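Here are a few exercises to work through with the model open beside you. Try each task before reading its solution.

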Amino acid sequence: MKIEFSKHNITDEDISSANQVMKSLFITTGPRVAEFEKRFAAYLSIQEAVGLTSCTGALHLALLRHGVGLGDEVITTPMTFVATATAILQAGATPIFVDVCAKSGMISPEAVKAAITEKTKAILPVHLYGRMADMRGFVKLAQEHDLVLIEDAAHCIEGIRDGVRPGQLSHAACFSFYATKSMTCGEGGALVCKSTEDASWYRSARHHGITKDASYRYTKKYEHWDMEMMGWKYNMDDIQAAPLIGQIERVDRYREKRQHLESLYRELLMEIEGLEFIEAPEKGEKSGHHLFTVLLPQKVSRDKVIAKMEDHGIGCAVNYRAIHTLRYFREKYGYRPEDFPIANEIGSRTLSLPLYPKLSEEEVRIVCQTLKKVMPSL
Ligand SMILES: *Cc1c(COP(=O)(O)O)cnc(C)c1O
């Protein structure tokens, strides 16, 4: 028996739409990317979506577009994937971490407010495990202090909190279509925003800053192109876009399945002594339910739990060890674990269990029974 930590949802139709692209003459950024962008923006009820190669690239471009660069500080969370912070570094700025709330694992507007300095240029909240950060609180703070607000929405395509969806209150929201995310094409990303001018800047910046995109050369007579601005190489291609288009239709159905499985987990795991949870989404709030994590008792060795679960054929993961405790950040900034004690504690106790639409209720029961069996012995 094997219960994988993660399984994607690519269907035969998704594969055949990617195949159709590959059988055609034109395989890079073209009509499928444009269609994906239109539908993804419509799904999120937002004006613009731009197809990119990763969420990291999306964050990088969003920071650059809004003037974040050398000498600027960007306030963010240490309880995230490293990409949130490396995108800030790529833009030339400095990530400033603030500690998270124990209940949600996310940073709050109050904590961010206390960290604002003259150098602060932007706030970069992360929607952790599928729940949205307090965007109403963050936009108020950003407006008061004239700051840029960018969302790392890699965990949350589907969420709504206080009537707000990703992208609606910020300068840009950035998404990932990496293999484990709720929509995927292996590697990919997108950015959404309200401004048409921003979107056309992003479309130029994702492709070397040149005036004509690749599809132009196939559909029109040859004309010289020019380079108008500094650009990068972050353009999504039609092979990536094609399988994503169909997934937009299914994303809410999959979310409901994960929500159901998460409630089952919470119910079944309640009886395990010492096990704690990040709080469930509030009533009226819609979470993406991207990951389900538990907090193991302090005295239990997480590494041993993971190894034992693997011995029983169950894949687990850690999302995340707080990034200020990782070697690069420790050495560069001299951080100690206790600098952000709550993030450090969550990071040292957290364990992610399998959560995906193909997971059966029976498998959830097996995961819970196995965890219950292995924990006391460690
Ligand atoms: C996956 C992830 C990213 C990076 O996404 P890529 O598409 O791989 O660049 C960034 N932030 C968070 C929170 C993530 O989970």
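**Exercise 1. Work out what lines the largest pocket, and which parts of the chain supply that lining.**

Solution. Keep in mind that you're looking at a predicted model.

Step 1: start in the middle. The largest pocket has 38 lining residues, and those nearest its centre are Tyr 178, Thr 180, Lys 181, His 290 and Tyr 320. Its volume comes to about 570 Å³.

Step 2: sort the lining by chemistry. You get 18 nonpolar, 15 polar and 5 charged residues.

Step 3: ask where the lining comes from. Helix 3 (55-65) and helix 9 give at least two residues each. On the domain level, domain 1 (12-247) and domain 2 (251-377) each put in at least three residues.

**Exercise 2. Take Tyr 320 from the pocket and find what is unusual about the peptide bond that joins it to Asn 319.**

Solution. Step 1: place the residue. Tyr 320 sits in the loop that runs between helix 10 (302-311) and helix 11 (327-333).

Step 2: check omega. For the bond between Asn 319 and Tyr 320 it is about 0°, so this peptide bond is cis.

Step 3: put that in context. Most peptide bonds are trans.

**Exercise 3. Find the cavity, and decide where it lies relative to the two domains.**

Solution. Step 1: count. There is 1 cavity of 30 Å³ or more, and the largest cavity has a volume of about 120 Å³.

Step 2: list the neighbours. The lining has 15 residues, with Tyr 129, Glu 262, Arg 266, Glu 279 and Leu 291 closest to the centre. By type, the lining splits into 7 nonpolar, 4 polar and 4 charged residues.

Step 3: trace the lining back to the fold. At least two residues come from helix 9 (238-269), and at least two from strand 9 (292-295).

Step 4: draw the conclusion. Because domain 1 (12-247) and domain 2 (251-377) both contribute lining residues, the largest cavity lies between them.

**Exercise 4. Which two residues, one at 45 and one at 129, have a positive phi without being glycine?**

Solution. Step 1: recall the usual case. Most residues other than glycine have a negative phi.

Step 2: look at Ser 45. Its phi is positive, about 50°, and the residue belongs to the loop between helix 2 and strand 1 (48-52).

Step 3: look at Tyr 129, which you met in the cavity lining. Here phi is near 65°, and the residue is in the loop between strand 4 (120-124) and helix 6 (135-144).

**Exercise 5. Classify how helix 1 and helix 2 run relative to helix 9, and then do the job for helix 3 and helix 4.**

Solution. Step 1: helix 1 (residues 12-23) and helix 9. Their axes come within 8 Å and cross at roughly 155°. Angles over 145 degrees count as roughly antiparallel, so that's the label for helix 1 and helix 9. Their crossing is right-handed.

Step 2: helix 2 (residues 31-43) and helix 9. The axes are 8 Å apart, and the packing angle is about 25°. That falls under 35 degrees, so helix 2 and helix 9 are roughly parallel. This crossing is left-handed.

Step 3: helix 3 and helix 4 (residues 82-90). Again the axes are 8 Å apart, with an angle of about 40°. That makes helix 3 oblique to helix 4, and the crossing is right-handed.

Notes
Residues numbered from 1 in each chain as written. Predicted model: local features only at pLDDT ≥ 70, side-chain atom pairs only at ≥ 80, totals over all residues. Heavy atoms only, no water. 1 Å grid on protein atoms, 1.4 Å probe; cavity = no way out; pocket = protein on both sides within 12 Å on 5 of 7 lines; lining within 4 Å. Points joined across faces, edges and corners; volume = space filled by probe spheres on them. Helix = DSSP H or I, 4+ residues; strand = E, 2+ residues; numbered from the N terminus. Nonpolar A, V, L, I, M, F, W, Y, C, P; charged D, E, K, R; others polar. Domains from an automatic or database assignment. Axes fitted to C-alpha atoms, helices over the stretch in contact; angles between N-to-C directions. Parallel < 35°, antiparallel > 145°, perpendicular 65-115°, else oblique. Left-handed = near helix turned anticlockwise from the far one by under 90°.
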